[in-house]
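Please take a look at this structure with me. We will go through it one piece at a time.

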Amino acid sequence: MRILIVEDEEKMAKALRTGLEADEFSVSIAHTGEDGFFLASTETYDLVILDLMLPNRDGMEILAALRQKNVSVPVLILTSRDTVEDRVKGLDAGADDYLVKPFAFSEFLARVRALLRRGKQESGDKLSLADLEMDTAGRVVTRGGKELGLTAREFDLLEYLLRQKGRVVSREMLARDVWQETARYTPLDNVIDVHIAHLRRKLDDPFRTKLLHTVRGVGFVLREETL
Amino acid sequence: MWIRPKRMRTRLTLMHVGMLAGVLAIYFAGVSVLLFWQMSGVLKQLAAEDLETVKGLLFVQDDGQVGVREDYHHHTDWKQVQERLLEMLGPDGAILYRNEKLGDRTIGGVPFAGEGEHGYSGRTARMSDGTPIVLISRKYDLQGRTILIRVGYSQDLIWNELKETLLILLLASPLVLAGTAYAGYKMVGRTLDPVTRMADRAEQINSERLNERLPVENPEDELGHLAGVFNAMLSRIEQAFEQLKRFTADASHELRTPLAAIRSIGEVRLQENTGAEEYRDTIGSMLEEVNRLTAIVDSLLTLSRADAGQIRMQVSVFPLMALVREAAALLEILIEDKRLTFTLAGDESLGAEADRLYVRQAVLNILHNAVKFTPSGGSISAHVRCKGLSQVELAITNSGPGIPVEQSAKIFDRFYRVDEARAGEDKGAGLGLSIAKWAVQANDGEIGVRSASGTGATFWICLPAVGCASPSTKPSN
């Protein structure tokens with residue numbers, strides 16, 4: 001799938017490209033608004049990632065011009081302006097999603113996947129990883145056939161990680177999706193860490209193969225890996 | 001065209017002089033009217049006296065003609081006597097005599113009924129040629145004949161007198177006005193002098209010299225009051241500037257700390273040739289610092305928006321107990337982890353009227369703080385109750401080491417930490433309580449702390465209440 005990144009900050013563009021390419025996307029970069037507009041209107045992309053602060057032509061202008069030309073490609077806006085008004089303006093101009101800098105790459109990747117409906121995200125009632133099995137309908141989770149006895153919160157946490165298995169999940173994503181915490185400055189990091197510690201005690205401690213891993217400075221990932 | 005002088009001094013002086021000129025004009029008019037009445041009174045009096053004189057000088061000639069010895073003047077010192085107009089009429093109204101001054105004019109025409117019969121009849125009238133006069137008449141029986149004697153004086157006598165007086169007054173007015181203008185100009189100048197001095201001083205006050213104050217010459221008068229008010233305002237601005245300066249200094253310190261860490265961690269690791277695992281660890285450690293930076297910047301942004309008044313509160317009424325319970329549930333795992341006991345007591349029916357989201361934030365921050373600073377095995381209690389009729393108070397007490405009294409005033413300051421040494425190990429930026437303070441105050445509430453070192457601390461929040469004003473709704477049991 002082809003993605004166009006319109007971003008004047010070279011380092012940022014490069015980092016995003018590297019990250020996306022690791023996830024097997026094909027990525028083009030435009031460093032100015034004009035280039036971005038030209039590429040987006042002449043080539044076919046599955047997604048455009050648009051920075052708002054661009055030299056000469058502002059990202060919002062590009063977006064409006066694209067929509068006027070009936071280019072209906074999904075657009076993800078990246079910006080450092082984070083007021084509600086900015087967000088509303090962006091979405092009104094025809095953006096499909098809006099991400100405020102600085103963001104966690106895991107969060108960015110999740111948004112990209114959601115926009116492309118390419119969630120390899122597991123769906124359905126039965127989830128599994130290695131010898132871990134979860135029945136979300138009956139709310140039963142076993143590992144090696146043994147019931148783990150999770151609390152409700154631990155169960156939700158594990159379910160979320162399991163649906164995103166193999167992918168790093170940031171604390172912000174957990175706060176928003178598992179705790180349903182929308183405010184940005186809530187002191188939830190400690191709470192999440194303690195829950196993860198509890199979950200790990202039940203999930204991994206009795207077993208040789210560890211499934212729940214902490215990626216320092218980024219978040220957590222559920223994957224089969226022997227350390 | 002209306003000319004409006006620029007300087008207040010000139011304007012005030014002109015107003016002053018204008019007002020005086022107006023007053024003088026009214027005064028002159030009043031004086032004129034008064035003088036006129038007075039003088040016509042005097043003239044009538046004189047005419048009456050004159051009439052008596054005339055009566056004494058009357059004679060009837062042999063042929064029945066009436067005459068007056070006009071050559072005799074009783075009041076020779078009063079030269080107006082020569083202006084006398086004299087007329088005598090018979091009972092049938094026929095003119096018996098007219099003096100030389102009168103000529104062939106008549107003073108009063110046909111006599112009215114009863115004219116001069118009982119004492120003097122005095123009036124102002126017009127002569128047959130239209131000259132306004134003052135006129136006195138009286139009837140006399142003279143040698144068997146009834147004669148009506150009329151003595152009149154032209155009103156011109158009064159007018160001339162009046163004109164003279166007014167002329168003197170008018171000639172004197174410019175002098176009076178000029179004197180007043182000069183004195184007024186001086187006086188206004190002296191009154192406005194403090195303003196000039198205040199303006200001069202104010203001109204020198206800028207952000208570098210905010211400690212300067214305007215001169216207060218007399219704190220009792222209006223200008224002194226004005227200067228006092230300005231000085232109070234300057235004090236507040238100076239204070240705000242101080243706060244801002246300290247905040248900027250603190251903010252740059254707080255931002256530099258993680259930046260310095262990122263830099264040294266990276267540099268040190270690059271100097272060594274180590275394996276992938278070590279690099280991973282280093283990058284992870286750098287990312288942790290980045291997260292800390294992000295959190296600080298986010299908080300600072302919230303506060304600066306709050307300072308700029310860009311955050312609007314969406315006020316609703318919500319039960320306070322439920323909100324505290326929700327916040328506690330969110331932090332429950334931390335409370336359990338430290339084996340703390342948490343208790344919540346109070347009236348479930350009490351509601352707060354505020355922006356729920358921001359109040360929740362404030363409560364979370366305070367509660368989180370309490371959890372952080374209460375030693376393992378300690379306790380936290382929350383209490384919700386009415387404070388007066390219009391406020392509801394939430395008090396959160398913990399059994400921690402407490403806060404020294406001298407620090408409790410600063411605890412809501414930005415970046416302030418009770419124990420500076422803890423800063424490193426703790427991820428917080430020291431902004432949680434500042435945000436709580438702002439959130440509460442933006443909702444017309446108050447926030448504070450009661451503490452004695454060693455016995456724990458009580459943080460309290462007061463918010464506009466619903467359910468406190470009507471005690472009847474609460475069963476008194």
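What follows is a short walk through a predicted model, beginning with a strand and ending with the nonpolar cores.

Let's start in chain A, at strand β4 (residues 75-79). Of the 5 residues in this strand, 4 are buried, so β4(A) is largely enclosed by the rest of the structure. What lies beside it in the sheet? On the one hand, strand β3 (residues 47-51) of chain A runs parallel to β4(A) and is joined to it by 4 bridges. If you would like a residue to look for, V48(A) has V75(A) as its bridge partner in β4(A). To get from β3(A) to β4(A), the chain passes through helix α3 (residues 59-68) of chain A, making a right-handed β-α-β crossover.

Now follow the chain onward from β4(A). Strand β5 (residues 97-100) of chain A is also parallel to β4(A), with 4 bridges joining the two. Here L78(A) is a good place to pause: its bridge partner in β5(A) is L99(A). Together with helix α4 (residues 84-92) of chain A, β4(A) and β5(A) form a right-handed β-α-β unit.

Next, let's turn to the nonpolar cores. Which residues touch the most other members of the largest core? Among its 67 residues, they are V324(B), V363(B) and L367(B). Helix α7 (residues 356-373) of chain B gives this core its largest share, 10 residues. Leaving aside residues up to four places away in sequence, V324(B) touches L344(B), V363(B), A382(B), V384(B) and L394(B). A second core, separate from that one, has 28 residues, including A30(A), Y45(A), L47(A) and M60(A).

Technical notes:
Residues are numbered from 1 along each chain as its sequence is written. Chains are lettered from A and ligands numbered from 1 in the order in which they are written. This is a predicted model: local features need pLDDT of at least 70, side-chain atom pairs count only at pLDDT 80 or more; totals for chains, interfaces and linings use all residues. A residue is buried if 20 or more other C-beta atoms lie within 10 Å of its own, exposed if 12 or fewer, and partly exposed in between; C-beta atoms are placed from the backbone. Two strands pair if DSSP finds at least two bridges between them. A crossover is right-handed if, with the strands pointing away from the viewer, the path from the first strand over the helix to the second runs clockwise. A nonpolar core is a set of buried Ala, Val, Leu, Ile, Met, Phe, Trp, Tyr and Cys residues joined through C-beta atoms within 7 Å. Two residues are in contact if their C-beta atoms, placed from the backbone, lie within 7 Å.
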